[in-house]
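Trainee: I am new to this one and would like to learn how its descriptions are justified. Could we go through them together?

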Amino acid sequence: MQKMDEVDISDFLDEEAPGDSREPEFSQSASGFGPLEENDSLKTRIAGFYINKQLEDSILQHGLIPEHPSETTIGVGFIDIVDYSYISSWLSPKENQVFLNGLYSAFHHVLKKRGGYLNKISGDSLMFHFGGIIDPLTKDLSPEESNPLIARLLFLTCIEIQESCRLFNRADEDFIPTNADAVSRRSIGQAFSIIRNLRENLSLITGIDALFQVRIRIGAALGEVCIGNFGPEGARQWDVIGLPVIEARRMEASAPVDGVRITKALFEVLDRTGLVEQYLAHFKNQASGFYQIIKSEELFMIREVVLKDKRNVSFESCAVQANPDLPEDVWRSVEARLDMGESGIDAILDLIKYYRGNRLVTSAIEELFREREIPLRKAAIFRLLAPEHYRELLEQNNGSESAADKSAEETLSLYRLFLILGSYQDRVKRVEKPRVTDCSFIEYDSWLAGKLQGFTVDYKDAQRQSESVRYFNQVMLPSVFAYLEAALREYLAAHPGEIGITDCP
């Protein structure tokens with residue numbers, strides 16, 4: 001696989017940043033150990049190199065190392081890079097290190113600016129938190145004062161980190177903060193050079209499409225945890241343990257790409273303090289097109305989430321939109337893939353599937369198709385999804401199929417069709433709980449017969465549900481998208497090699 005070789009990472013890996021003073025390399029003796037004073041110096045340098053500077057500064061300000069853990073309310077956030085394996089496949093191991101170091105340095109700059117604490121980095125994910133006994137922002141505040149502050153800082157940090165990632169994807173030089181320290185700026189600049197090279201290197205466009213993006217998910221939660229020193233002697237870490245950490249990880253795992261998912265408890269704090277309303281006004285003001293009319297319940301979408309891999313555990317949460325220009329970005333993405341011809345069809349369908357529950361993004365896609373004169377055959381999809389309602393429409397048009405189809409095409413939006421599809425999906429994915437039968441024991445035979453009969457009924461219910469799920473996944477859902485794929489193929493067959501017909505509004 002072709003790697004990017006236009007940027008020689010080694011050229012600037014050893015380059016000194018302005019104001020970066022380095023001590024000479026430590027020289028060991030033949031035995032592997034230098035003089036005692038040199039060993040002590042190395043220990044000091046090791047501690048200075050690897051210790052978390054925020055932790056050090058906070059403990060110094062606190063005045064002592066907290067020996068005992070404490071229970072307190074904090075805000076926890078997790079960031080994960082979506083499908084990083086795809087991104088990393090285009091970079092050498094060294095470039096991957098530079099890429100991630102720079103990206104995380106940019107996120108850390110946002111975090112430090114708002115007073116957050118970078119808890120840990122694990123591969124392509126990052127954990128951070130606000131609050132705690134050594135947090136200088138909240139340690140002297142009452143819970144009534146600190147909790148709203150933590151919630152606000154946590155939420156705004158999540159939103160700003162998503163904004164930083166968008167700047168990175170656009171190779172916008174505003175991604176490199178002017179007020180960051182020299183070492184951080186150097187690290188961020190190196191990652192920026194990589195993404196800019198990917199954007200500008202025309203020789204790679206045939207191998208890696210120009211829509212190469214770093215996408216992140218962010219999850220956040222607020223609640224009471226145990227915070228303090230964890231780990232064995234010699235490997236202590238300042239860490240947090242508690243349900244909010246688990247919840248924040250679950251929020252991240254189910255968060256929308258380019259968005260944020262927060263717990264309902266965190267949303268309620270934000271709502272009480274007025275931040276929900278403030279963010280809605282700010283978001284609509286930042287939007288350049290479709291999202292100017294977004295509703296509060298679309299910006300903060302509260303839904304029940306079911307995690308299949310966690311024994312169907314369910315929780316209420318809130319998915320938050322973070323990109324004011326998402327409909328336009330998806331428009332451009334779909335249009336670019338249209339210009340790729342047949343090879344772009346699968347990616348277009350994947351985008352439509354992913355965003356089919358978003359009214360304004362779906363409206364943007366449908367508007368693009370209208371501009372390109374791609375007939376979606378919405379009446380045919382309506383017949384598939386709602387045959388009884390289509391028969392009613394047919395009766396209203398005196399049995400004229402052409403008139404009924406015309407009415408459906410004019411009155412039904414693509415989003416409305418997806419709502420019908422979604423209602424089927426919600427119905428079939430609903431997990432049926434086992435029946436609760438009377439377990440009072442009277443005598444052996446009757447009690448056992450009742451239990452065995454209950455098992456059989458539960459089995460038949462599960463069998464019916466499984467059949468419904470299979471029918472939806474293997475027939476209903478692919479059939480709807482087969483109609484859309486047929487429309488795209490029809491369009492491409494009629495416009496071979498045609499590029500750039502319209503511009504995004």
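Mentor: Gladly, and let us start with a definition: two residues are in contact when they have heavy atoms within 4.5 Å. Keep in mind that this is a predicted model.

Trainee: What covers the buried residues of α15?

Mentor: The cover includes α14 (359–371), α16, α17 (401–411), α18 (414–429) and α19 (444–494).

Trainee: What makes α15 mostly covered?

Mentor: A residue is called buried under 20% relative accessible area, and six of the eight residues of α15 are buried. They are K378, A379, A380, I381, F382 and L385.

Trainee: Why are α15 and α16 called oblique to each other?

Mentor: Let us start with a general idea: two packed helices are described by the angle between their axes and the distance between the axes. Helix α15 (residues 378–385) and helix α16 (residues 387–396) pack at about 125°, and their axes are 5 Å apart. Roughly perpendicular covers 65 to 115 degrees and roughly antiparallel needs over 145, so an angle of 125 degrees falls into the rest, called oblique. That is the reasoning behind calling α15 and α16 oblique to each other.

Trainee: Which residues meet between α15 and α16?

Mentor: On the α15 side they are A379, F382, R383, L384 and L385, and on the α16 side P387, H389, Y390 and L393.

Trainee: How do you know that K378 and E366 meet in a salt bridge?

Mentor: In general, side chains of opposite charge can pair when their charged atoms come close. The cut-off here is a Lys or Arg side-chain nitrogen within 4 Å of a carboxyl oxygen of Asp or Glu. For K378 and E366 the N to O distance is 2.8 Å, so the pair passes the 4 Å test. K378 belongs to helix α15 and E366 to helix α14, so this pair ties together parts that are 12 residues apart in sequence. Both K378 and E366 are buried.

Trainee: What makes D405 and R383 a salt bridge?

Mentor: Their side chains come to 3.2 Å, N to O, so they too are within the 4 Å limit. D405 sits in helix α17 and R383 in helix α15, so parts 22 residues apart in sequence are tied together. Salt bridges with shared partners also join E366, E367, R370 and K378 into one network.

Trainee: Why is R383 called partly exposed?

Mentor: Partly exposed is the range between under 20% and over 50%. R383 has a relative accessible area of 31%, so the name fits.

Trainee: How many salt bridges does the count come to?

Mentor: The count comes to 23 salt bridges. One of them pairs E335 with R372, whose closest N and O atoms are 3.5 Å apart. E335 lies in helix α12 (residues 326–339) and R372 in the loop between α14 and α15, so the two tie together parts that are 37 residues apart in sequence.

Trainee: What makes E335 count as buried?

Mentor: Its relative accessibility is 9%, and buried means under 20%. R372 counts as buried as well, at 3%.

Trainee: What makes the phi of R377 worth pointing out?

Mentor: As a general rule, most residues other than glycine have a negative phi. R377 is not a glycine, yet its phi is positive, near 55°. R377 lies in the loop between α14 and α15 and counts as partly exposed at 38% relative accessibility. N398 also has a positive phi near 55°, and N398 is in the loop between α16 and α17.

Trainee: Why is N398 called exposed?

Mentor: Exposed means over 50%, and N398 has a relative accessible area of 75%.

Trainee: Why is S58 called buried?

Mentor: S58 has a relative accessible area of 14%, which is under the 20% cut-off. It is found in helix α3 (residues 53–62). Leaving aside residues up to four places away in sequence, S58 touches I134 and P136.

Trainee: Which residues make a nonpolar surface patch?

Mentor: I46, F49 and Y50 make one of about 410 Å². Y50 is part of helix α2 (residues 36–50). With a relative accessible area of 64%, Y50 is exposed, the cut-off being over 50%.

Conventions:
Residues numbered from 1 in each chain as written. Predicted model: local features only at pLDDT ≥ 70, side-chain atom pairs only at ≥ 80, totals over all residues. Heavy atoms only, no water. Patch = residues over 30% accessible without salt bridge, like charges linked within 9 Å, V, L, I, M, F, W, Y side chains within 5 Å. Areas by Shrake-Rupley, 256 points an atom, 1.4 Å probe, with all protein chains shown as cover. Helix = DSSP H or I, 4+ residues; strand = E, 2+ residues; numbered from the N terminus. Buried < 20%, exposed > 50% of the residue type's maximum accessible area, 1.4 Å probe, protein only. Axes fitted to C-alpha atoms, helices over the stretch in contact; angles between N-to-C directions. Parallel < 35°, antiparallel > 145°, perpendicular 65-115°, else oblique.
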